[in-house]
Structures are given as C-alpha cells and as structure tokens.
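Colleague: I should like a close look at a single part of this model, namely its largest nonpolar core. Please describe that part and then what lies around it.

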Amino acid sequence: CIPAIGCADVVLVQLENNLSAIEQVIDAGKQAGALVILNPAPWQPVEHAVLSKVDLLTPNATEAGLMTGRRVDSLTAAAEAADVLHAQGARNVIITLGASGALLSEHGVKSPIPCFPSHPRDTTGAGDAFLAGHVMAELAGQDRAAALDAALNAAAAHVAEAPAEAI
C-alpha cells in the first residue's frame, strides 16, 4: 500500500492496526507531502514521537482524556487537554465533544465550533462521519475551521439517521 499512499493528498489513520504498521503509513504520508491525520480510535497508547509526525490529531473527549490523564467534559477542559497534547508533540488538534461541538487548537489559537442541532437516533459511526466530512471539506479547499464546521454538520446528519444495524 505504500505506493498508493504516495499519490494521496490526505492520509487518515486510526489505531485499529498494530502501531508499527500505522507508523509506516504515517511516515509514507509525510514523505508524499500528504496531510496526515491521526484519529486515536480505538484508543491505545501512542508514543509522543508518533504524535509529532502527524499534521492533525482528532481525539474525541474520551480519547483526549485517556491521552492526557484529564477529564475532558467541557470546552475549557478540552482547551487544557489540547495544551497537553501540543506538549506531547501534536501540532494541530481537534477534540470532538459530542453535542457540545468541537475545539480546534492550532497555531496557539483555540476555536470552539458549535455542533449543529440534531435529534440523535444512533451515534454509531459519528466519529467516522465527522472525519469523512472534515477530509472532504479540506480536499475541497476549505480552511480548517470551515472544514470542521462541515464535519460537525456531517456527524449531526449521520446520528439523526436510522440506527447503523438497521442499514
């Protein structure tokens, strides 16, 4: 798969494989000049050296808490967790907070992004919908804040749909 990564504009990795393979994909993405995004799900410990290689880290509140040893249950707590993640090597961080939206932390600036109102029927796959919306918006040329807005919209629309097991 390494040759295919060489053609990519964006490389999105999750922690569903062994860390050695994930790190090889991250390295290949960086070599290719791709935007490398790490979604630390399902959570497992990651070396700070790995975090320093990715362009964007996208934990949810639970994962951010596990990565920082802090409870992440508000925008204020997310901002504090983002500072810890930056100290661990993450350059840019988006912490998703469910119905509370998300926090974008990049270049020393923290921007809360509100969630679109929805009536969740099933939250299965919300994180995947969020990331898909974000990547598509960035590939379309939107800046990160606008891409985050699109991602939250995609996640809100997704959770309002029929339960995943019914599809």
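Modeller: A nonpolar core is a set of buried Ala, Val, Leu, Ile, Met, Phe, Trp, Tyr and Cys residues joined through side-chain atoms within 4.5 Å. In soluble globular proteins, nonpolar side chains tend to be buried together. The model discussed here is predicted.

The largest nonpolar core has 30 residues, and V72 and I95 are the members that touch the most others. At least two residues of this core come from each of β1 (10–14), α2 (19–32), β2 (35–39), α3 (48–51), α4 (61–68), α5 (75–87) and β4 (93–96). Helix α5 contributes the most, with five residues.

I95 deserves particular attention. Leaving aside residues up to four places away in sequence, I95 touches P59, N60, A61, A64, V72, A78, A81, A82, L85, G101, A102 and L103. One of these contacts, A82, belongs to helix α5. A82 has a relative accessibility of 0%, and therefore counts as buried. With the same sequence neighbours left out, A82 touches I95, L103, S105 and K110. By contrast, A82 and G6 lie 30 Å apart in space, C-alpha to C-alpha, and 76 residues apart in sequence.

T96 is found in strand β4. Residues under 20% relative accessible area are called buried; T96 counts as buried because its relative accessibility is 18%. Beyond four places in sequence, T96 touches P59, N60, A61, G101, A102 and F130.

Two of the residues that A82 touches, S105 and K110, lead to a pair of strands. S105 has K110 of β6 as its bridge partner. Strand β5 (residues 102–106) and strand β6 (residues 109–113) pair in the antiparallel sense over five bridges. Together β5 and β6 form a hairpin with two residues between them, and H107 in the turn has a positive phi of about 55 degrees.

F130, which T96 touches, leads in turn to a pair of helices. Helix α6 (residues 126–139) and helix α7 (residues 144–159) pack at an angle of about 145 degrees, their axes being 7 Å apart. The crossing of α6 and α7 is right-handed. On the α6 side the contact includes F130, A129 and G133, while on the α7 side the residues include A147, L148 and A151. Sorted by class, the contact of α6 with α7 has 12 nonpolar, three polar and two charged residues.

Methods: Residues are numbered from 1 along each chain as its sequence is written. This is a predicted model: local features need pLDDT of at least 70, side-chain atom pairs count only at pLDDT 80 or more; totals for chains, interfaces and linings use all residues. Side-chain values use heavy atoms; hydrogens and water are left out. Axes are lines fitted to C-alpha atoms, for helices over the stretch in contact, and angles run from 0 to 180 degrees between N-to-C directions. Helices (H or I, at least four residues) and strands (E, at least two) are DSSP runs, numbered from the N terminus. A crossing is left-handed if the near helix is turned anticlockwise from the far one by less than a right angle, and right-handed if clockwise. Contact means heavy atoms within 4.5 Å. Ala, Val, Leu, Ile, Met, Phe, Trp, Tyr, Cys and Pro count as nonpolar, Asp, Glu, Lys and Arg as charged, and the others, Gly among them, as polar. Buried means under 20% relative accessible area, exposed over 50%, partly exposed in between (1.4 Å probe, protein chains only). Two strands pair if DSSP finds at least two bridges between them.
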